[in-house]
Every structure is written in structure tokens, then in C-alpha cells.
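Subject: Structure handover

Hello,

Here is the structure I said I would pass on. My notes on it follow below.

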Amino acid sequence: MKELSLLTVLASVMLAIPSVSAETITGASRIIDGDSLEVAGRKIDLLGVDAPELGQTCNWPTKEINCGLIAKSALMDLTAGVSVVCDLESQQENGNVLGVCRAAGYDLAEGMTHTGWAVAVEDAPQRYKTAMAGAQTAERALWRGQFTLPWVWRANEGEAGK
């Protein structure tokens, strides 16, 4: 009887956790910002990275830039004219879906960290951290000047975060 109770509790817990794993969607994309896009009517946040928000600015050596808008443009460039395939991984408490998305086979999160327009988060795959380190060393994009990490900026600006 004790085993049945444990199975019932485990089943209840598993049903309570939102899951979208093993789901793949494909289609044209609409870019929302530097780390979010819509594919087949679903909003997806790129797993493992965070990019500046649309209103966020960064300081380059000789000028201030709208790094949030430029990050969005960079993601638009990576997806231009190709179908996007997203493997949905999990659903966050706020309802956003996290996924690994590829355009013509190219991992978008890895591309955004490589070009320097997104930063790898703490639990990101190592390849994103390696790509980010390369961008940092080469002083590409965000790393060309000074910027506030996106999650810190959101907290300071009082934005509804991801």
C-alpha cells in the first residue's frame, strides 16, 4: 500500500510540472527581441542565453548604442529567409517556452553568443559559453564596450522579466 501512495504522489508531481519536451515545431519566424521568437504561433525563448532588452542601451568607446534593438536585428539576420526548427525543452513558471532553435541547421543561441549579441546564462551548454568567451576576447558587439547584463538591467528597470 505504501508503494501505491508513493506512485500516486510521483504521478501528481509529474502532472503538475508543465512539460513541452519532445515537441518540435517548424516554420517561418517572427523575431520578438534578441533571444525570443515566434514560430508556428508559439513564443519561444532561446534556451541558455539572454540578450539585451529592446529599450536597453550599451556604451561603446565613442557612443551609446541601442544594444537591445541591435540584438533583435542580429537574430533577424540569422533567421532571414529560412525556416526555423525549434525543439521545445521546458515551460517556465511565467508561461514562456524555452527551446533550442535552428535556422538552416545553425543553432541560434550559439550564433547570438558567437556574434556577441547575447550572453550565456549560468546553466547554458558549454558550447554557448565557449562562443561567448570568443566574442569577449575578440571584443565583438556587447563586448566592445560596457553593458549591463540583461537580467540585472531588467531587475533595475523594473521590467516584467522573462
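A residue is called buried here when its relative accessible area is under 20%. With that cut-off, the buried residues of helix α3, which spans residues 108-115, are L108, A109, G111, M112 and T113. Please keep in mind that this is a predicted model.

Both ends of α3 have something to note. At the N-terminal end, D107 acts as the cap, with a side-chain oxygen 3.0 Å from the backbone nitrogen of A109. Just after the helix, G116 has a positive phi of about 95°.

Overall figures. The protein has 162 residues, of which 38% count as buried. It contains 5 helices and 11 strands. About 9000 Å² of the protein is exposed, and carbon and sulfur atoms supply 54% of that area. Taking contacts between residues at least 6 apart in sequence, 57% join residues at least 24 apart.

Strands β2 to β4. Strand β2 (residues 29-33) pairs with strand β3 (residues 36-39) in the antiparallel sense, over 4 bridges. A hairpin of 2 residues connects β2 to β3. Within this pairing, S29 is opposite V39, and the bridge partner of I31 is L37. Strand β3 is also antiparallel to strand β4 (residues 42-46), again with 4 bridges. V39 stands opposite R42 of β4, so V39 faces a residue in β4 as well as S29 in β2. The β3-β4 hairpin has 2 residues between its strands, and A40 in that turn takes a positive phi of about 50°. As a general point, side chains in a regular strand alternate between the two faces of the sheet.

S36 belongs to β3. S36 has a relative accessible area of 1%, and therefore counts as buried. The C-alpha atoms of S36 and V49 are 10.0 Å apart, with 13 residues separating the two along the chain.

The core. Which residues have the most contacts inside the largest nonpolar core? They are L37, L46, V84, C86, C101, L108 and W117, in a core of 36 residues. At least two residues of this core come from each of β3, β4, α2 (67-79), β8 (84-91), β9 (97-103), α3, β11 (119-120) and α4 (126-138). For L46, the contacts beyond its neighbours within four places in sequence are G34, D35, L37, L75, L98, G99, C101, L108 and A109. Two of the names in that list, L108 and A109, also appear among the buried residues of α3.

T79. This residue lies in helix α2. Is T79 buried or exposed? T79 is buried, because its relative accessible area is 6%. A polar atom of the T79 side chain lies 3.2 Å from the backbone oxygen of L75. Setting aside neighbours within four places in sequence, T79 is in contact with S29, I31, V84, A103 and L108. For T79 and S29, the C-alpha to C-alpha distance is 7.3 Å, although they are 50 residues apart in sequence.

Aromatic pairs. The count comes to 2 aromatic pairs. The rings of W143 and F147 have their centres 5.0 Å apart and their planes at 85°, so this pair is edge-to-face. W143 has a relative accessibility of 18%, and therefore counts as buried.

That is what I have on this structure for now.

Regards

Note on methods: Residues are numbered from 1 along each chain as its sequence is written. This is a predicted model: local features need pLDDT of at least 70, side-chain atom pairs count only at pLDDT 80 or more; totals for chains, interfaces and linings use all residues. Side-chain values use heavy atoms; hydrogens and water are left out. Buried means under 20% relative accessible area, exposed over 50%, partly exposed in between (1.4 Å probe, protein chains only). A polar contact is a pair of N or O atoms within 3.5 Å; within protein, one must be able to donate a hydrogen and the other to accept it, and residues adjacent in sequence count only if both atoms are side-chain atoms. Two strands pair if DSSP finds at least two bridges between them. A nonpolar core is a set of buried Ala, Val, Leu, Ile, Met, Phe, Trp, Tyr and Cys residues joined through side-chain atoms within 4.5 Å. Contact means heavy atoms within 4.5 Å. Accessible areas come from the Shrake-Rupley method with a 1.4 Å probe; for residues, only the protein chains shown count as cover. Rings of Phe, Tyr and Trp (its six-membered ring) pair if their centres lie within 6.5 Å; planes under 30 degrees apart count as stacked, over 60 as edge-to-face and the rest as tilted.
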